[in-house]
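Colleague: I'm new to this one. Can you walk me through it?
Modeller: Sure, here it is.
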Protein chains: 4
Amino acid sequence: MRLNWGMIGGGEGSQIGPAHRIAAGMDGLFTFAAGALDADPARGRDYARRLGVAPDRAYGDWKEMLAGERNRPDRVELVTVATPNATHYPIAKAFLEAGFHVLVEKPMTVTVAEAEDLVRTARAAGRICAVNYGYTGYALVRHMKAMVARGDIGKVRLVVAEFAHGHHADAADADNPRVRWRYDPAQAGVSAQFADCGIHALHMASFVLGQEAVKLQADFASCLPVRTLEDDAMVNLRFSGGTVGRLWTSSVAIGRQHGLTLQVFGETGGLRWAQEQPNQLFYMPLGKRLQIIERGEGNLSPEADRASRVTVGHAEGMPEAFANIYRDLADTITALNAGKTPDPAANLFPKAEDGLRSIAAIHAAVASAAAQGAWEDARPPMFR
Amino acid sequence: MRLNWGMIGGGEGSQIGPAHRIAAGMDGLFTFAAGALDADPARGRDYARRLGVAPDRAYGDWKEMLAGERNRPDRVELVTVATPNATHYPIAKAFLEAGFHVLVEKPMTVTVAEAEDLVRTARAAGRICAVNYGYTGYALVRHMKAMVARGDIGKVRLVVAEFAHGHHADAADADNPRVRWRYDPAQAGVSAQFADCGIHALHMASFVLGQEAVKLQADFASCLPVRTLEDDAMVNLRFSGGTVGRLWTSSVAIGRQHGLTLQVFGETGGLRWAQEQPNQLFYMPLGKRLQIIERGEGNLSPEADRASRVTVGHAEGMPEAFANIYRDLADTITALNAGKTPDPAANLFPKAEDGLRSIAAIHAAVASAAAQGAWEDARPPMFR
Amino acid sequence: MRLNWGMIGGGEGSQIGPAHRIAAGMDGLFTFAAGALDADPARGRDYARRLGVAPDRAYGDWKEMLAGERNRPDRVELVTVATPNATHYPIAKAFLEAGFHVLVEKPMTVTVAEAEDLVRTARAAGRICAVNYGYTGYALVRHMKAMVARGDIGKVRLVVAEFAHGHHADAADADNPRVRWRYDPAQAGVSAQFADCGIHALHMASFVLGQEAVKLQADFASCLPVRTLEDDAMVNLRFSGGTVGRLWTSSVAIGRQHGLTLQVFGETGGLRWAQEQPNQLFYMPLGKRLQIIERGEGNLSPEADRASRVTVGHAEGMPEAFANIYRDLADTITALNAGKTPDPAANLFPKAEDGLRSIAAIHAAVASAAAQGAWEDARPPMFR
Amino acid sequence: MRLNWGMIGGGEGSQIGPAHRIAAGMDGLFTFAAGALDADPARGRDYARRLGVAPDRAYGDWKEMLAGERNRPDRVELVTVATPNATHYPIAKAFLEAGFHVLVEKPMTVTVAEAEDLVRTARAAGRICAVNYGYTGYALVRHMKAMVARGDIGKVRLVVAEFAHGHHADAADADNPRVRWRYDPAQAGVSAQFADCGIHALHMASFVLGQEAVKLQADFASCLPVRTLEDDAMVNLRFSGGTVGRLWTSSVAIGRQHGLTLQVFGETGGLRWAQEQPNQLFYMPLGKRLQIIERGEGNLSPEADRASRVTVGHAEGMPEAFANIYRDLADTITALNAGKTPDPAANLFPKAEDGLRSIAAIHAAVASAAAQGAWEDARPPMFR
């Protein structure tokens, strides 16, 4: 049974709009039924209709959409919020309170207080508030998590995460508005590269470890002197289960296209995964040899198998990873609708608590960098 | 405007069914509107309905579907034929003659004569008969073609293609029906590994070169002695533009998961691509250094750019490649419907002529191997 | 106890001279005691003295050296012959007959008859006639051989060897004397690329398999039309133990620097090694995962361990591989001098029989290519 | 003209002894003429003689060697000190004061004060005091330095260095004396993994940048709780030219064999090199594509060309890198003996000043880690 799905933001010309529509549509689990796609109501309505949304469900803005959808018998089951960051909070809150499940683009909110409120709102409403850390949708990232959880590498001692690229390294391009806003506190907030990219690596580390960041220390650098905010950061961490963390993120690392990688080292083995070669996972059991785990091979975990679509040796990519988040949501919502307990293996999508923890970690890193690398509590107040 | 699409074959439990549905659905260009999905009519109807097909368009078999669709005003625009190989020919012929565009799974037909007839039928009907050599949908394979066409590596001297895996290497598994039929002439026809895998590599070589195989010589081996048909083959070729070809295919190459690779060497440069790392293309201009072309980088050919969905550094995979074939078909059919000339950059999907040439090449290789490696004409009679 | 060593050829400005001197000197097993290094006697004497050879042992030519050394009590134990190809045979024969051990550069001789005579001469003299196929000195190539011999991958079904580079691809450089002579029958003989490079790959395949080539078929191409001899060749083989062989060699494969690789596929596993990454060996046991064997890891074969100098994770290269040939010779000669049986693990250096078989295979491939790929006996007459 | 060379330490069964002898002997530049190889005088004398040292120059200890050599007309020109760490200082000082050139194994001394004294001693004596950071002998590391120096990547913003392996990760092996001493302050001093491995990465970063570490902050972890000293460390740095540094070192990173890598990011390009693939250097000019620089290609810097022995596509390894240090020393000493100015391209061997800076950085990192990551001055007092 397909679920009705709606989207706020992601209008014509945006990158994130098509990405969500491909991901939601890939497995035929969602029908794109309603949308308020653009800050310009007329443009948004027109675009939604061209994408096949019924005219009466092609809304001019999110309030109109909320009013229009809330009482329909065929109302959307899930609302994706892909609007400018500062508007995530009120929109998500309103839809949650009206009983919708919500998927919010990252960052979930601007402040820790907003994020804590959204966690509480979702809990009170009994609705899902998911957050789009889509990289954890990769089958082999999920397999890493399963391997760690079942003890394949023993207690994890050390995690090393990177998200380093070189796409903002050109000084001649630093004033280009497309780039400049990211390093301008007035537009980007307290952090640039760590908040934009590093946080994906931190979420992935937490996801794989099954542990939360407890404290951290940061060294931020603005390698381009014109920048106020950091374009390079190193963050040291300690996680709830005792694991030591190292996290490097950069936007001036010329020659690295994307550079999201995760290495996990436990008592009895090590694992290494890189987003640029996502269909292979490098695994070394203590005292043995490095071996290559292939997405799609016969003997993976249920979490990885259900996140896989094509046979071994064929590549899957980011669209499939992202679609796995939507598949998780479809399966979970369908189970909830039927009064059943959702499959735990479908319960891997990032949640409001993850969004909250990420925002708290960003603020902690900013504080530490400002204090010459002093150790800071990385947890949001409500989880201390 | 979404196009209506129908499918014959690809029933519940098949691998190819979901692959086509993901590919056709990925970009929201097709609505899955009709199907005859299973050899068992009741199962087929039931499955189609569960996939969202309207009950009256969930057919029991292809003849029922042809009758039901041919006179509907909203009839399907494209019919995918993913049934057992021997049935491709009559089904595709019937639908072409009734004015439908058709996408046939490979091999297009069993015999060269059938394939020639299908080429003639499609031409007479003025309809598209596409064939699913999906690997040429990869953005960087298309970029290779564009680079060759625009002369980036000069006249091409040599092409080296491989499609070698190790998935049929286990002697203990050779009698498993899942494997055995492939090497049994009664079920698989005249060739096993070359017809199943090698032909993808040959099509890809032709596609990239913009040249057809003219003659060839083959050495076939049955590395597992119980097999009648070959599980390993080397084929030497000469192409219409004078290029020398080397093509190795194997199903006993333990340690290779997929192993579809293409190397092209011209007067002024070389190129190397591998399906297991499809987002990078290795390019060496004569006298310079090896450089890595990334899918999604800013300066690729129009053919590659339109085949790309996510930003540089993020992986795309086989589903996207396959979806590019469907996107080509949607754009071409839409243009034809509007009386316009289709975009040449959308005209890259494999056609009946390609299917025909592939079947002719298979028969030529079989003949050569039987004649101790004598050189054989690789062309179908109608193209000699 | 260091052995005295002499060299013929390898004069100032040659590439091969320093390579031999580094290899012979690396482990302190040989003292460079005598030499006739240059076609110009005065230059050769002068250069030898500058390299530390005693004046009375810095000879003007090989005949003078033979006369000077044969009756010395401290005469050289091993003579390396690195002169132009056509002179290998008389020099090696003369020194063998005078009771010296000899190491001849490849190709050992020009004709099969000469090579057969050298085999007989060495046997009659009870002396070593080694041939310098130095790539088999790599520790992990030796480990491949050991794995195959002890049955780690079962009976070997298939071997795929390559030696493809792009260093003669430039048409503008084809007339450069440095390149041209290689493709000129008057200077290079019957074969260019296969004799120069392909034969290394064939020797390596035989070495690792422990099998000899029995028959072969070849397709030669001159990708640069100005060339008489081949610059690209594909050779199919059958080996004495029933293994199927595929061998590709090229000098027009722009983008490949060296490209000597070997893949071996058996009933229960596969192996892959590449000269450009010589410290890793890729091994996949049937039904398990690809694993990476590291030179220097603790559990390798005696053959690999004795061929290794630095700890795991540190690279070794071609000089060490080459030095292993000299180490084998030193250990074997020392044992023979002491009246002991040489260590079989030191008996891996290529011998006159290997040189002979290589020359026979070259002639067979040339004959096959001329006969449109007919199968030819690959064995020298004396081994049929 | 060969130089006489002597060695102290490196006795039978040691790893470092053969490594030095291979390196010193590789190019025929040194004759191994004198040695005091073992703490046990008789064993040392016997071993030296077996290695070909004249009986009267096979000494029982370093004092005997100093006495024996200092007045010989053919005395050794260079003395390598490869004894236990605590003895480096007095031995090196004594030989320097007696007018010998010296190569000291790392760490040069135990304390900063000793190291400063050695710098002053060498300067006063006008003799070379070299230190063995052998990894900077790799041809492509030297090419990186040359590229940075000539501005190929502009002003360097960021350097990221790693030296991470997993060879001390086994808890069951932690009490093995071979491992345990390294983490025991009584035997290893103030630091384990950073002093043992990390310091190589720091030296290499300084070498390539042509800048010195000015300040640093460190996070040390003992991933195996039984250890007092660190087995994992992250160090952030600022260099004299303003470059930001990140340095990770670990001995618990299971799956990494060696893991010495260097990434350098400048205003107009990035570079990446890894010791496990030392013959390739990855270079990305800003706004262009990643390209692969090969050791041995035609157009490298003089520094790289003179550090290279075999042709492109053939691997070189650690023995060649190490031999480059000795070649530098031979060329420099020969020039000094002749009263000439040494070739600057031969002046790349690490010197006492580098040894001193390394020891100062180790102490600074230890202090920072103890102070919760406070920033510390990384410079030795004499260079502040």
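Colleague: Into which domains is chain A divided?
Modeller: Domain 1 covers 3–132, and domain 2 covers 155–266 + 356–369. The bounds come from an automatic or database domain assignment. This is a predicted model: local features need pLDDT of at least 70, side-chain atom pairs count only at pLDDT 80 or more, and totals for chains, interfaces and linings use all residues. Residues are numbered from 1 along each chain as its sequence is written, chains are lettered from A and ligands numbered from 1 in the order in which they are written, and side-chain values use heavy atoms, leaving out hydrogens and water.
Colleague: What separates the centres of domain 1 and domain 2 of chain A?
Modeller: 28 Å, taken over C-alpha atoms. The contact (heavy atoms within 4.5 Å) takes 10 residues from domain 1 of chain A and 8 residues from domain 2 of chain A.
Colleague: Which residues form a salt bridge?
Modeller: A:Asp196 and A:Lys106, through their side chains, at 3.8 Å, N to O. The rule asks for a side-chain nitrogen of Lys or Arg within 4 Å of a carboxyl oxygen of Asp or Glu. Across the interface of the two domains of chain A, it finds 1 salt bridge.
Colleague: New topic. What turn lays chain A on chain C?
Modeller: A turn of 180°, with a shift of 0.0 Å along the axis and an RMSD of 0.0 Å. The copies are thus related as by a two-fold rotation axis. Superposition is by least squares on the C-alpha atoms of residues with pLDDT of at least 70 in both.
Colleague: Which C-alpha of chain A is nearest the axis?
Modeller: That of A:Gln291, 2.1 Å from it.
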